[in-house]
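Visitor: Could you take me on a close look at a single residue in this protein and what surrounds it? I would be glad to see how that spot fits into the rest of the chain.

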Amino acid sequence: DEFLRTGQFDRLTRALVLQIGGLDAPAAVVDLGAGTGHYLSHTLDALPRNLGIAIDSSPAALRRAARSHERAAAVGADVWKPLPLKDDMAALVLSVFAPRNPAEIARILAPGGYLVAATPTTRHLYELVGPLGLLSVPDDKEDRLDAQLASRFELVARDAIEYAMFLSRDETAQLVRMGPSAWHVDEEALPEAIDRLPDPLTVTASVTLSRYVAA
């Protein structure tokens, strides 16, 4: 939440909202792995007819997501398991740096509904991978995503978002701790490793936005 409030991911947020422009269906917007509801709240601002549902397994994140927008609700659930949502109840499903369960997404999406997925490229945060021991992104990330979804969804749009961020040491620490690498880095050694980096540090944000339509 602190990192997102710095504005470093604002370009990604704006691009995500543009990707769903033109959606005209009053069914729900479901954000899988929604965290604090940041992306869901901006999406709802652009879709005044829709209600939003944030899905996450973290009680702390859900409390924030429930307050992220006046038209948002938050539901605790594991996205790998059956979701506590009705069939065909969603006009749009968001998956921003989050896991995807194709069968469940297809079940809850109404015919013609959109799935919008944001996935990192191999260049995303690459300046931090070596110095801080972060997880690297495989070269075939997009191909894996398409193969995972191919039987139930059709790819209709894909955009590349890439830009330089200039991060303070505090922002760098927040960024590391908000991603999957937080489970793999040495937490005790992290502050010292970050202190050895330049301040500010130039870090690449590189994300693919893919929009699919339910087949």
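Guide: Happy to. Let us start at Thr 36, which is buried because its relative accessible area is 18%, under the 20% cut-off for that class. Please keep in mind that this is a predicted model. Thr 36 sits in the loop that joins β1 (28–32) to α2. Setting aside neighbours within four places in sequence, Thr 36 touches Asp 1, Leu 4, Ala 61, Arg 64, Ala 65 and Ser 68.

Several of these names come back when we turn to open space. Thr 36 is one of the residues lining the second largest pocket, and so are its contact partners Asp 1, Leu 4, Arg 64 and Ser 68. The lining also includes Arg 5, Asp 10, Gly 37, His 38, Ser 41, His 42 and Arg 67. The space in this pocket is about 170 Å³. Helix α2 (residues 38–46) gives the most to the lining, with 3 residues. By character, the lining divides into 6 polar residues, 5 charged ones and 1 nonpolar one.

From the pocket, follow the start of the chain to Thr 6, in the segment before α1 (10–19). Thr 6 is partly exposed, with a relative accessible area of 32%. Beyond four places in sequence, Thr 6 has contacts with Glu 171 and Gln 174. The pairing with Glu 171 spans 165 residues in sequence, while the two C-alpha atoms are 8.0 Å apart in space.

Glu 171 takes us to helix α7 (residues 169–178), where it is among the buried residues together with Thr 172, Ala 173, Leu 175 and Val 176. What covers those buried residues includes two helices, α5 (126–132) and α8 (190–195), and two strands, β6 (153–167) and β7 (201–214). Between α8 and β7 runs a loop that holds Pro 200. The peptide bond leading from Asp 199 into Pro 200 is cis, with omega near 5 degrees.

Two other loops deserve a look for their backbone angles. Asp 88, in the loop between β3 (72–76) and β4 (90–96), has a positive phi of about 55 degrees although it is not a glycine. Asp 88 counts as partly exposed, at 44% relative accessibility. On the other side of β4, Phe 97 lies in the loop that leads to α4 (102–108). Phi of Phe 97 is also positive, near 55 degrees, again in a residue other than glycine. The relative accessible area of Phe 97 is 35%, so this residue is partly exposed too.

Now let us step back to the whole chain. The protein chain has 8 helices and 7 strands. Its C-alpha atoms fill a box of roughly 50 × 35 × 30 Å along the principal axes. The radius of gyration is 17 Å, which agrees with the value near 17 Å for a compact globule of 215 residues. Buried residues, Thr 36 among them, make up 50% of the chain. Of the contacts with a separation of 6 or more, 67% join residues 24 or more positions apart; the contact of Thr 6 with Glu 171, 165 residues away in sequence, is one of that kind. Lastly, the accessible surface comes to about 10600 Å², and carbon and sulfur atoms account for 51% of it.

Notes
Residues are numbered from 1 along each chain as its sequence is written. This is a predicted model: local features need pLDDT of at least 70, side-chain atom pairs count only at pLDDT 80 or more; totals for chains, interfaces and linings use all residues. Side-chain values use heavy atoms; hydrogens and water are left out. On a 1 Å grid over the protein atoms alone, a cavity is a set of points where a 1.4 Å probe fits but cannot get out, and a pocket is an open set with protein on both sides within 12 Å along at least five of seven lines; lining residues have an atom within 4 Å of a point. Grid points are joined across faces, edges and corners, and a volume is the space filled by probe spheres set on the points. Helices (H or I, at least four residues) and strands (E, at least two) are DSSP runs, numbered from the N terminus. Ala, Val, Leu, Ile, Met, Phe, Trp, Tyr, Cys and Pro count as nonpolar, Asp, Glu, Lys and Arg as charged, and the others, Gly among them, as polar. Buried means under 20% relative accessible area, exposed over 50%, partly exposed in between (1.4 Å probe, protein chains only). Contact means heavy atoms within 4.5 Å. The radius of gyration is taken over C-alpha atoms; the globule rule is 2.2 Å times the number of residues to the power 0.38. Accessible areas come from the Shrake-Rupley method with a 1.4 Å probe; for residues, only the protein chains shown count as cover.
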